[in-house]
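Student: Could you walk me through this one? I have the sequence and the coordinates open, and I would like to go piece by piece.

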Amino acid sequence: IIVLSGTEKVFIDGVAMIRGEQFDYVIDYNTAEITFTTRRPVTKDKRIVVEFQYSDKNYSRTLLYLNQEYEDPRWKVKANIYSEQDSKNQPLLQDLDNDQKTLLASVGDSVQLAFYPNVDSIPFNSSEVLYAKRDSAGFEFYEYSTDSSEAFYRLGFSYLGPNKGNYIPVTTSANGRVFQWVEPLGCVPQGTYEPVLLLVAPKKQQLFTLGADYKISHNSKAFVEAAYSNYDINLFSSSDKENDGGYAFAGGFEQLKKLSADTVTGWRLLTADRL
C-alpha cells in the first residue's frame, strides 16, 4: 500500500475498522504500514481490504496563469506568466516546529539531506511497539523493549539504503514491525533504516515568456521569443539561490512556398531557420 494523504479506509470481512491505538489499527504514513491492535486478531481466514488516496501535495498551493496577446495584420505579440507556489506557513501533511524549519533553512537546495529525528517520548503502552534508550561503548541507540519501566519511546523509521542506517528490521512476536540497532564498523553504518523523517520543503516555480511574430509577406514570417524561469526548491532557505533563475531565447524565420498551381491539395515547401 502507498498512503500519503491520511484518508485511508480499512475493512476486515466487510466491517469498517476504526483508526487509533485504542481501537482497531494504527498506520505509519512514512512507510505505509498498517498495524492491527489486539482488538482485531488477523488470521488466514480474514479478508482485509484497504482503500486509500495518494497525494504528494504537502502544502497549500497557489496557482496563477496569465496570457495576453495582441495581433494586427503584421504583428502578433504574446506574453505568458505562470506561477505555482507552496505556502510555507500552511503545511498539509506535516506540522513543522521551529527546529524543523531551522533544519530546512540550513540545508539550502540539498533537500535530500533534510532528515529529522522521528522519536517521540510517550507513556508505556503494552499494545504498541516501543523502545528503550541505550548507551553502550560510546553509542547511543534504541532497543525494542516490553519493560514498562523503560519502554517510553515511539520511533518512526525511514529506509535510507545499504550502509546508510544503523537499524535493520527483525522478526519478533510483537504486534508490529521491530527494528534492531547494529553497531557500526569503522564508523560505517551496517544497517538500512534510521529513526528519522525526511522533511518536505515548500517550492516555488515561475515562468515568464514574451514573444513576437512579424509577417514579412503572405507566405513568410520572422519570430522571436524570450523566457525567464525561477525554480526555488526550498522556500525556507535563503542560500543556494544563484542557480534558481534561468533564461532562454528562441527565434527564426519561416517561409511557405507553393510547388504547384493547386492551392488546395498541391505540394508546398516549408523552410524554417531556427536558433
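Student: How many bridges join β19 to β20, and in which sense do the two strands run?
Tutor: Keeping in mind that this is a predicted model, strand β19, residues 220-232, is joined by 11 bridges to strand β20, residues 245-258, and the two run antiparallel. Within that pairing, Ser-229 has Gly-246 of β20 as its bridge partner.

Student: And which residue stands opposite Gln-255 in β21?
Tutor: That is Thr-271, and the pairing behind it is again antiparallel, with seven bridges between β20 and strand β21, which covers residues 268-274.

Student: Switching to β3, which side chains there are buried?
Tutor: In strand β3, residues 25-28, Tyr-25 and Ile-27 point to one face and are buried, whereas Val-26 and Asp-28 point to the other face and are not buried.

Student: Why would they alternate like that?
Tutor: Because in a regular strand the side chains alternate between the two faces of the sheet.

Student: What does β3 pair with?
Tutor: Its partner is strand β4, residues 33-36, which runs antiparallel to β3 and is joined to it by four bridges; Val-26, one of the side chains that is not buried, stands opposite Thr-35 in β4.

Student: Now the interior: how many residues make up the largest nonpolar core?
Tutor: The largest nonpolar core has 12 residues, including Val-129, Phe-141, Leu-155, Tyr-167, Ala-174, Trp-181 and Tyr-193. Two elements, β11 (139-144) and β15 (178-181), each give two or more residues to this core, and the largest share, three residues, comes from β15.

Student: What does Ala-174 touch, leaving out residues up to four places away in sequence?
Tutor: On that count Ala-174 touches Val-129 and Tyr-144, and of these Val-129 is itself listed in the largest core.
Apart from that core lies another one, of nine residues, among them Leu-103, Leu-104, Val-107 and Phe-236.

Student: What about the surface, which residues make the nonpolar patch?
Tutor: The patch, of about 560 Å², is made by Tyr-70, Trp-75, Val-77, Leu-210, Tyr-214 and Ile-216. At least two of its residues come from β7 (75-91) and at least two from β18 (204-217), with β18 giving the largest share, three residues.

Student: Where does Tyr-70 sit, then?
Tutor: Tyr-70 is placed in strand β6, which spans residues 59-71.

Notes:
Residues are numbered from 1 along each chain as its sequence is written. This is a predicted model: local features need pLDDT of at least 70, side-chain atom pairs count only at pLDDT 80 or more; totals for chains, interfaces and linings use all residues. Side-chain values use heavy atoms; hydrogens and water are left out. Patches are made of residues with over 30% relative accessible area and no salt bridge: like charges are joined within 9 Å, nonpolar side chains (Val, Leu, Ile, Met, Phe, Trp, Tyr) within 5 Å. Accessible areas come from the Shrake-Rupley method with a 1.4 Å probe; for residues, only the protein chains shown count as cover. A salt bridge is a side-chain nitrogen of Lys or Arg within 4 Å of a carboxyl oxygen of Asp or Glu. Buried means under 20% relative accessible area, exposed over 50%, partly exposed in between (1.4 Å probe, protein chains only). Two strands pair if DSSP finds at least two bridges between them. A nonpolar core is a set of buried Ala, Val, Leu, Ile, Met, Phe, Trp, Tyr and Cys residues joined through side-chain atoms within 4.5 Å. Contact means heavy atoms within 4.5 Å.
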